[in-house]
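Please look through the following chain with me, taking the questions one at a time and checking each answer against the picture.

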Amino acid sequence: DHIVLGCTHYPFLLKTIRKVIQNRDVRVVDSTEAVAKRTEELLGNASMLQDENQTPTFKFLSLLDDHYVEKLKAKAGI
């Protein structure tokens, strides 16, 4: 009777999930905001929050070949 979206990336599937359950009496619980708030709290407690005026630094670790990773970064504008 409930579907709990227990991770921040599951809402990307919400439209598909709603299609699958259609008119069934099923409640979808989206925990995205709660997970994000808890993550912010944990990062703050560890003094790991970034100042909003700082430019972010991105690091990518991958088993993909370097050429493919560079193409993905370029596509993302990074």
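The questions below go from the whole chain to single residues.

This is a predicted model, in which local features need pLDDT of at least 70 and side-chain atom pairs count only at pLDDT 80 or more, while totals for chains, interfaces and linings use all residues. Residues are numbered from 1 along each chain as its sequence is written, and side-chain values use heavy atoms, with hydrogens and water left out.

Q: In what pattern do the helices and strands follow one another along the sequence?
A: Helices (H or I, at least four residues) and strands (E, at least two) are DSSP runs, numbered from the N terminus. By this reckoning the chain has three helices and two strands. Read along the sequence, their order is β-α-β-α-α.

Q: Is the chain more spread out or less spread out than a compact globule, and what is its radius of gyration?
A: The radius of gyration is taken over C-alpha atoms, and the globule rule that serves as the yardstick is 2.2 Å times the number of residues to the power 0.38. For 78 residues this rule gives 12 Å, and the value for the chain is well over that, so the chain is more spread out than a compact globule, with a radius of gyration of 18 Å.

Q: What share of the residues of the chain counts as buried?
A: A residue is buried at under 20% relative accessible area, exposed at over 50%, and partly exposed in between, using a 1.4 Å probe and protein chains only. Of the 78 residues of the chain, the share that counts as buried is 9%.

Q: Which helix gives the most residues to the largest nonpolar core?
A: A nonpolar core is a set of buried Ala, Val, Leu, Ile, Met, Phe, Trp, Tyr and Cys residues joined through side-chain atoms within 4.5 Å. The largest such core has five residues, namely Leu5, Leu14, Ile17, Ile21 and Val28. Three residues of this core come from the helix that spans residues 14-21, which is α1.

Q: Which residues does Ile21 touch, not counting residues up to four places away in sequence?
A: Touching here is a contact, meaning heavy atoms within 4.5 Å. Ile21 is itself one of the five residues of the largest nonpolar core. With residues up to four places away in sequence left out, Ile21 touches Ile3, Val26 and Val28.

Q: How many residues of helix α3 are buried?
A: Helix α3 covers residues 66-76, which makes eleven residues, and it lies largely in the open because so few of them are buried: the number is one.

Q: What is the phi of Gln22?
A: Most residues other than glycine have a negative phi. Gln22 sits in the loop between α1 and β2 (27-30), and it is exposed, with a relative accessible area of 61%. Although Gln22 is not a glycine, its phi is positive, at about 40°.

Q: What is the phi of Ser47, and where does this residue lie?
A: Ser47 is exposed, with a relative accessible area of 67%. Its phi is positive in a residue other than glycine, near 55°, and its place is the loop between α2 (32-45) and α3.

Q: Which residues does Pro11 touch, not counting residues up to four places away in sequence?
A: Pro11 lies in the loop between β1 (2-5) and α1, where it is partly exposed, with a relative accessible area of 25%. Leaving out residues up to four places away in sequence, Pro11 touches Leu5, Asp30 and Thr32.

Q: How far apart in space are Asp25 and Asp1, C-alpha to C-alpha?
A: Asp25 is found in the loop between α1 and β2 and is exposed, with a relative accessible area of 76%. Asp25 and Asp1 are 24 residues apart in sequence, and their C-alpha to C-alpha distance in space is 6.5 Å.
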